[in-house]
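I opened this notebook to keep track of what I looked up, in the order I looked it up. The structure goes in before any of the notes.

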Amino acid sequence: MSEKIDYSAKIPNNIGLSGDRRLQRALEGWQPRFISWWGEMGPALATRDVYLRTAVAVGREGWAHFDHVRVPDYRWGIFLAERDPDAAIGFGEHKGEPVWQQVPGEYRADLQRLIVIQGDTEPASVEQQRQLGLTAPSLYDLRNLFQVNVEEGRHLWAMVYLLHAYFGREGRDEAEGLLQRNSGSPDAPRILGAFNEETADWLAFFMFTYFTDRDGKYQLGTLKESAFDPLSRTAEFMLREEAHHMMVGTTGVDRVVQRSAELIRAHDTLDIGPHGGIALDIIQRYINFHYTVSLDLFGSETSTNAANYYTAGLKGRWQETRRGDDHRLADDSAVLDIPGEYGTWRTDEASALLALNLDLRDEYVADCRSGLKRWNKILADQGTGGRLALPTLTLPHPGFNRKVGLNAGHHITPDGQIVDERTWRASRHKWLPTSEDLTFVRSLMRPVRERGKIASWIAPPRGGINGKPFDYQYVHLS
Ligand code: BYC
């Protein structure tokens, strides 16, 4: 397979699509439906053009090209990482066998399910972020939003390719379904909870790209290990694009925290709302919310689905090849924290195979901690000249506010105490964003569309995109 992407084709690709007429026709049949979905459910703000990154190769260096592009003309395509002709399955009962180029009949339903769940999240996030362009705090941020959106659209293409190419009629029906379900729809919602929540303001967008896109990183990391080679190579290239989405989240929250710290210092108060900033307690409540709905995306702590996927070789662990065990896990165990009826925690042991969702979640939690460290460092560096004690931003206990898994149905505080429902309800407003918080944050969301200018509630970025300065004309509005 050539590493270069064929851009002369109607659907840019590096899979030799022109040599497979049936698949080409099927995907060209889906393409206008995608474009019409994008028109209806994609970004609400009309633009003349946006400075976007487009993939031009799948090698490590020089894979992206930047230019001003009319967004509806963005070249969504199908790009897989290069094939390793010697690739062998790295885990499970088929460990050591060559990776599969076709779907084995016995794993067809499970693989299709994993691909559909992954595929469903991609358009969902575009739908959730549809209105945000109308209130972007700068042209730089607006550009980043569009970059994230077009790449989530491309990730939908990646999953639709797999469904069309390897899952026959059922795959084609599922590809239609991906455009028919919509985020938050009462009749046909998206499959996973977090993708039916609103992303109503830019603080929510930065939290989403920090916490929820990071779940995407970890889930794609496990699919990259898959024995089904086309899925593995698809996920590998998606991960390359995903890194930018997390940069948007990490530096987005950095910049909100930076600005809040500056306002606290300048006005000598934590109550910075009247000065146009977002108070740290609101930021903490947004962290609590977005982190915990993202934890739900890992499924239950013990899962026979996860065990079966692993044993079959469909979905591995994060950095599977770097783990120093037998990659089969039949004899290993893991410890679980279980909330008890009477306000006490107990621990239990489960087989490591059953606890694979927890293993992945633990990797994710460790990664999330690095964000909190950064944001607390920004607060400490800014300081208050010793006049005020700044709170520390924290990650809540993984049992807090959970709808999926062992902790669902329990009332657990951010510091991990199990309490009764009344106590929980009485304190909920301290822990999760209140309607007042949401209204206040929304009131700050006024668009700033002048080159080089930025809204009052966020600091400018340290640098621009692709070596351009912050005050570059990233977007031409129509
Ligand atoms: N909401 O055995 P269990 C991304 C269901 S994000 C609703 O515990 P399993 C992105 C589950 O389906 C990454 N239902 O779970 C980010 C099952 O139903 P059935 C997306 C849920 O299967 C930002 C039942 O509960 N990719 O890429 O081990 C922007 C028992 O489930 C939820 C993937 O997730 C939930 N949260 O694990 C754009 C990878 N959780 O079968 C993109 C593919 C569980 O009893 N998916 N259920 O009807 C998977 O690996 C797994 O399906 C899950 C669930 C990790 C999602």
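The entries below take up the ligand and its surroundings, and then two pairs of helices.

Entry 1, status of the model. I am working with a predicted model, and I read each value below as computed from that model.

Entry 2, the shell around the ligand. I began with the residues around the ligand, of which there are 29, and noted that R113, Q118, S300, S303 and K315 come nearest. Sorting the shell by class, I found 10 nonpolar, 12 polar and seven charged residues. I then asked which element gives the largest share of this shell, and the answer is α2, with seven residues.

Entry 3, polar atoms facing the ligand. I went through the backbone atoms next, starting with S300, where a backbone N or O atom lies 2.6 Å from an oxygen atom of the ligand. For D296, a backbone N or O atom lies 3.0 Å from a nitrogen atom of the ligand, and for G193 a polar backbone atom is 3.3 Å from a nitrogen atom of the ligand. As for surface, the ligand taken alone exposes 1000 Å², and the protein buries 79% of that. The elements that give two or more residues to the shell around the ligand are α2 (108–128), α5 (202–223) and α8 (304–312).

Entry 4, α5 against α7. Having met α5 in the shell around the ligand, I looked up how α5 packs with helix α7 (residues 280–296), and found that their axes come within 9 Å and cross at roughly 40°. Angles under 35 degrees would count as roughly parallel, so I record α5 and α7 as oblique to each other. The crossing of these two helices, α5 and α7, is right-handed.

Entry 5, α3 against α6. How are helix α3 (residues 139–166) and helix α6 (residues 229–267) set against each other? Their axes are 10 Å apart and the helices pack at an angle of about 160°; because angles over 145 degrees count as roughly antiparallel, α3 and α6 are roughly antiparallel to each other. I also noted the hand of the crossing, which is left-handed where α3 passes α6. The residues of the contact of α3 with α6 divide into 12 nonpolar, six polar and eight charged.

Terms used
Residues numbered from 1 in each chain as written. Predicted model: local features only at pLDDT ≥ 70, side-chain atom pairs only at ≥ 80, totals over all residues. Heavy atoms only, no water. Axes fitted to C-alpha atoms, helices over the stretch in contact; angles between N-to-C directions. Parallel < 35°, antiparallel > 145°, perpendicular 65-115°, else oblique. Left-handed = near helix turned anticlockwise from the far one by under 90°. Nonpolar A, V, L, I, M, F, W, Y, C, P; charged D, E, K, R; others polar. Near = heavy atom within 4 Å. Polar contact = N/O pair within 3.5 Å; in protein donor to acceptor, adjacent residues only side chain to side chain. Areas by Shrake-Rupley, 256 points an atom, 1.4 Å probe, with all protein chains shown as cover.
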